[in-house]
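This report goes through one protein chain part by part. Please look at the sequence and the 3D structure first, then read on.

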Amino acid sequence: TYEVRLTSNADAAFEWLVGWSRFESTTGGVLGTTVTLVGDEDTLERITNVEERLIQEIDALFGAVNFPVTEQLNLTAELRYTEENQTLTVLAEIFFLPFLSRPLTTTDADFDFWSGRIGADYSFDDNTMVYAYAARGVKSGGINGTSLDPDNPFRIFEPEINWTYELGIKTDIFGGR
């Protein structure tokens with residue numbers, strides 16, 4: 001994971017932030033082993049290991065601003081653009097030696113999406129603030145490699161999107177208890 005951020009000075013007229021992040025990952029698991037060494041059912045040695053490998057590369061650009069309109073009123077906006085590339089490969093490793101590996105099948109999935117949040121808060125005094133936010137969240141899509149359909153062994157699922165809304169008050173009540 002890599003991330004670079006640039007931010008405003010603390011004494012600036014309004015606060016801002018811009019950045020870029022990168023995430024790279026390779027994960028996988030053994031789906032099973034096949035073919036006994038000499039065809040004898042009592043032989044426990046196996047010569048082929050079937051492995052599933054997922055490679056993910058995710059880049060995101062993001063930014064945020066917090067603008068004080070008055071002493072009491074603040075406006076906030078955040079925005080993020082994400083681009084994700086996934087490659088799922090099913091490999092056969094002969095004799096468990098990686099240099100003898102050969103891909104059985106491979107598929108790619110690419111996703112890109114926007115997420116963000118806007119909001120406002122108003123402070124009546126040092127002890128009471130009201131706020132409102134709206135946000136769009138996204139859970140990335142992916143590749144399901146466990147399909148039982150021999151003509152389509154991979155199933156690509158799309159990102160999930162949700163909107164959330166929040167209204168609230170922060171205050172001291174009951175003497176701060």
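A residue is called buried when its relative accessible area is under 20%, exposed when that area is over 50%, and partly exposed in between. Val-69 has 41% relative accessibility, so Val-69 counts as partly exposed. The model discussed here is a predicted one.

**The chain as a whole**

The chain has 177 residues, and 28% of them are buried. It contains nine strands and zero helices. Read from the N terminus, the order of elements is therefore β-β-β-β-β-β-β-β-β, where each strand is a DSSP run of at least two residues.

**A nonpolar patch**

Which residues form a nonpolar patch on the surface? The members are Leu-6, Phe-14, Trp-16, Val-18, Val-65, Phe-67, Val-69 and Leu-75, and together they have about 650 Å² of accessible area. Two elements, strand 2 (15–36) and strand 3 (46–68), each give two or more residues to this nonpolar patch. Val-69, the partly exposed residue from the opening, is found in the loop between strand 3 and strand 4 (73–94). A residue needs over 30% relative accessible area to belong to a patch, and the 41% of Val-69 is the value to set beside that cut-off.

Glu-71 also lies in the loop between strand 3 and strand 4. Glu-71 counts as exposed because its relative accessible area is 79%, and the cut-off for exposed is over 50%. In sequence, Glu-71 and Phe-124 are 53 residues apart, while their C-alpha atoms are 9.9 Å apart in space.

**A negative patch**

The surface also carries a patch of negative charge, in which Glu-83, Asp-108, Asp-110 and Asp-112 gather. Which strand gives the largest share of the negative patch? Strand 5 (residues 102–125) does, with three residues. Asp-110 lies in strand 5. With 57% relative accessibility, Asp-110 counts as exposed.

**Salt bridges around Arg-22**

How many salt bridges does the structure hold? There are five. Among them are those of Arg-22 with Glu-24, with Glu-57 and with Asp-59. The table lists the distance between N and O atoms for each of these pairs.

| Salt bridge | N to O distance |
|---|---|
| Arg-22 and Glu-24 | 2.9 Å |
| Arg-22 and Glu-57 | 3.9 Å |
| Arg-22 and Asp-59 | 2.5 Å |

Where do Arg-22 and its partner Glu-57 lie? Arg-22 is in strand 2 and Glu-57 is in strand 3, so their salt bridge ties together parts of the chain that are 35 residues apart in sequence. The pair of Asp-59 and Arg-22 likewise links distant parts of the chain, since Asp-59 is in strand 3 and Arg-22 in strand 2, 37 residues apart. Through salt bridges that share partners, Arg-22, Glu-24, Glu-57 and Asp-59 are joined into one network.

Is Arg-22 buried or exposed? Arg-22 has a relative accessible area of 16%, so it is buried. The acidic partners fall in another class: Glu-24 is partly exposed at 44% relative accessibility, Glu-57 is partly exposed at 33%, and Asp-59 is partly exposed at 22%.

**Aromatic pairs**

Rings of Phe, Tyr and Trp count as a pair if their centres lie within 6.5 Å, and by this rule there are five aromatic pairs. One of them is formed by Tyr-131 and Tyr-133, with 5.7 Å from centre to centre and 40° between the planes. This pair is tilted, because planes under 30 degrees apart would count as stacked and planes over 60 as edge-to-face. Tyr-131 is buried, with a relative accessible area of 14%. Tyr-133 is buried as well, with a relative accessible area of 18%.

**A loop residue and a distant partner**

Asn-127 is placed in the loop between strand 5 and strand 6 (128–139). What is the accessibility class of Asn-127? Asn-127 is partly exposed, because its relative accessible area is 44%. Asn-127 and Gly-176 are 49 residues apart in sequence, and the distance from C-alpha to C-alpha is 9.9 Å.

Key
Residues numbered from 1 in each chain as written. Predicted model: local features only at pLDDT ≥ 70, side-chain atom pairs only at ≥ 80, totals over all residues. Heavy atoms only, no water. Patch = residues over 30% accessible without salt bridge, like charges linked within 9 Å, V, L, I, M, F, W, Y side chains within 5 Å. Areas by Shrake-Rupley, 256 points an atom, 1.4 Å probe, with all protein chains shown as cover. Salt bridge = Lys/Arg side-chain N within 4 Å of Asp/Glu carboxyl O. Helix = DSSP H or I, 4+ residues; strand = E, 2+ residues; numbered from the N terminus. Buried < 20%, exposed > 50% of the residue type's maximum accessible area, 1.4 Å probe, protein only. Lys, Arg positive; Asp, Glu negative; His and termini not counted. Charge placed at Lys NZ, Arg CZ, Asp CG, Glu CD. Phe/Tyr/Trp six-rings, centres within 6.5 Å; stacked < 30°, edge-to-face > 60°.
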